[in-house]
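Please look over the sequence and the 3D structure shown here, and keep both at hand while reading the explanation below.

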Amino acid sequence: MSSIDLALLLGSVVALVAVFAARLGSRFGLPSLLIFLVVGMVLGDSGLGVPFSDAYLAHGLGFAALVLILAEGGLTTKWDAIRPALGLAGLLATLGILVSIALMGGFAHYVLGLAWPVALLLGAVTAPTDSAAVFAVLRGVPLPSRVRAVLEGESGLNDAPTVLLVAAFTELAIGNEPHGGWWGLAALVVGELIGGIAIGIALGLAGVLVLRRIALPSSGLYPLATLSWAVATYGVGVACHVSGFAAVYVAAVALGNGRLPHRNATRSFVEGIGWVAQIGLFVMLGLLANPGRVTMRSVLTGLAAGIFLTFVARPASVHACAVWFRIPLREQVFLSWAGLRGAVPIILATVPMAQKMPGAELLFDVVLVFVIVFTCLQAPTLPWVGRRLGLYDPDAARDVDIEAAPLDKIRADLLQVRVPHGSQLVGVSIRELRMPRNSVVSLIIRGERSFAPVASDVLEMGDELLVVTPERHRAEVERRFTEIGRGGRLARWTGVSLEA
């Protein structure tokens, strides 16, 4: 077999093993990414002998995978859900990061005996929560919308400032002082973060305008165009010397909530791409890891750092941010426990390795031990902690799924609405939907049969509705279905809204 044919065979086998292993992880409440990491270790030097030790290549591929993961997270994030929590999420991604770095840096210096630059570097590497772990675990746990939104928003936003800080602390550990001193470093981080957000907003809204007005010849091209636009935003941000990670996440949120055609198909597509990125990323990091290199020192240091971060630094950073928003103590406790670490700290640990910093391999091993042990501790216990704190709601109603396709010639949209389990749409008649003028439910698909409904027909769980609406009324129709799905036929009179 040629090298390309062999690579295709091995790659597909590894992907299939990882996919089936993900089922095992979900059964035990573990993020699948840990299983992917183990697969990489089994394939590596200490297992089947596949050689991989290029930290610079791992750093580049890791950042590329992180771009895709952030794009997937942004495209699948609902703006109406995250908007009320954006202030706290943004504060956790900035002030919370600084508090965590300061506390962890002090602990690493005074207790673990690390030099200040390396101690601060360890604090920066371990500070951010991981978007892949958070998105994968929390979406299977029924939680209040505010708690979920804060965690997802924080994990999507905190990568950008920490990447800049890790790069700066790596230079400091090597012996290169930051340009302009500490104030210059602070100005650089703030400027790049603001610039990335601005580019993300501008290009995200531009993408919405373009993709809503163009009729592509195939529905499968819309997901590809949407993801490509988000990734291109990252490239534009980097070219403009601002935070590409902030740009791609913000642009993806704008695109994911921009009423684009075939929105559900796009979400399904990017979720698949996100899984591919996670599998490739963690298998690669598993290959880069060397269990035979892990010493008792790295294990003890990783455990000590993890205990301090989980039980001291993380709760302190959450409290420092949440106190301004009067968040109840039980929600603060859950936010602290649910600050999962995963791919991001391990990727960031490749930065000093790529720069050939002395002691970089020890730092990587410490982070690896910390991530594996504490993800295995925190992730499976999230449902139990949520129940103990009174935040776990297994009967929470799910929002309806609404898919849209443009009817170009008549300036109308065809919406496909599915009535999920627990939705308050069940039992509501077509008449009680009270949709805008010229918007009609043209067809109901119920089980194996379909029919054109009349005003008195009542919706049932599992129904799929085809709704035709003028383009200008599409947002109102979607809002109406979502409101009734959450609050029933009297949603507007009982005060249920999209921000509830």
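What follows goes from the chain as a whole to its strands and then to its helices.

The model is a predicted one, and the secondary structure of its single listed chain comes to 20 helices and 5 strands. Of the 500 residues in the chain, 51% are buried. Contacts between residues at least 6 apart in sequence join, in 76% of cases, residues that are at least 24 apart. The surface that the chain exposes comes to about 22200 Å², and carbon and sulfur atoms supply 65% of that area.

Among the strands, β5, which spans residues 464-470, is a useful place to begin. Strand β5 is largely enclosed by the rest of the structure, because 5 of its 7 residues are buried, that is, under 20% relative accessible area. Strand β2, made up of residues 412-418, pairs with β5 in the antiparallel sense over 7 bridges, and within this pairing A412 has P470 of β5 as its bridge partner. Strand β3, covering residues 440-446, also pairs with β5 in the antiparallel sense, here over 5 bridges. In that second pairing, V440 has V468 of β5 as its bridge partner, while V441 stands opposite V467 in β5.

Strand β3 has a further pairing, with strand β4 (residues 449-451), which is antiparallel and runs over 3 bridges; here I444 stands opposite F451 in β4. The strands β3 and β4 form a hairpin with 2 residues between them, and in this hairpin G447 takes a positive phi near 65°.

The helices can be approached through one packed pair. Two packed helices are described by the angle between their axes and the distance between the axes. For helix α13 (residues 263-288) and helix α16 (residues 343-354), the angle is about 50° and the axes are 11 Å apart. Angles from 35 degrees up to 65 degrees are neither roughly parallel nor roughly perpendicular, and α13 and α16 are therefore oblique to each other. The crossing of these two helices, α13 and α16, is left-handed. On the α13 side, the residues that meet α16 are L281, F282, L285 and L288, and on the α16 side their counterparts are A343, I346, I347 and T350. An α-helix has 3.6 residues a turn, so residues three or four places apart point the same way.

A different view of the helices is given by A313, a residue found in helix α14, which spans residues 296-322. How large is the relative accessible area of A313? The value is 0%, so A313 is buried. Leaving aside neighbours within four places in sequence, A313 is in contact with S100, L103 and F308. The C-alpha atom of A313 is separated by 9.2 Å from that of S336, a residue 23 places apart from A313 along the chain.

Residue S336 leads on to helix α15 (residues 329-337), where E331, Q332, F334, L335, S336 and W337 are buried. Which helices do the buried residues of α15 pack against? They pack against α5 (86-110), α8 (145-157), α14, α17 (360-378) and α18 (382-388). Helix α14, which holds A313, is thus one of the helices against which the buried residues of α15 pack.

Key:
Residues numbered from 1 in each chain as written. Predicted model: local features only at pLDDT ≥ 70, side-chain atom pairs only at ≥ 80, totals over all residues. Heavy atoms only, no water. Helix = DSSP H or I, 4+ residues; strand = E, 2+ residues; numbered from the N terminus. Buried < 20%, exposed > 50% of the residue type's maximum accessible area, 1.4 Å probe, protein only. Contact = heavy atoms within 4.5 Å. Areas by Shrake-Rupley, 256 points an atom, 1.4 Å probe, with all protein chains shown as cover. Pairing = 2+ DSSP bridges. Axes fitted to C-alpha atoms, helices over the stretch in contact; angles between N-to-C directions. Parallel < 35°, antiparallel > 145°, perpendicular 65-115°, else oblique. Left-handed = near helix turned anticlockwise from the far one by under 90°.
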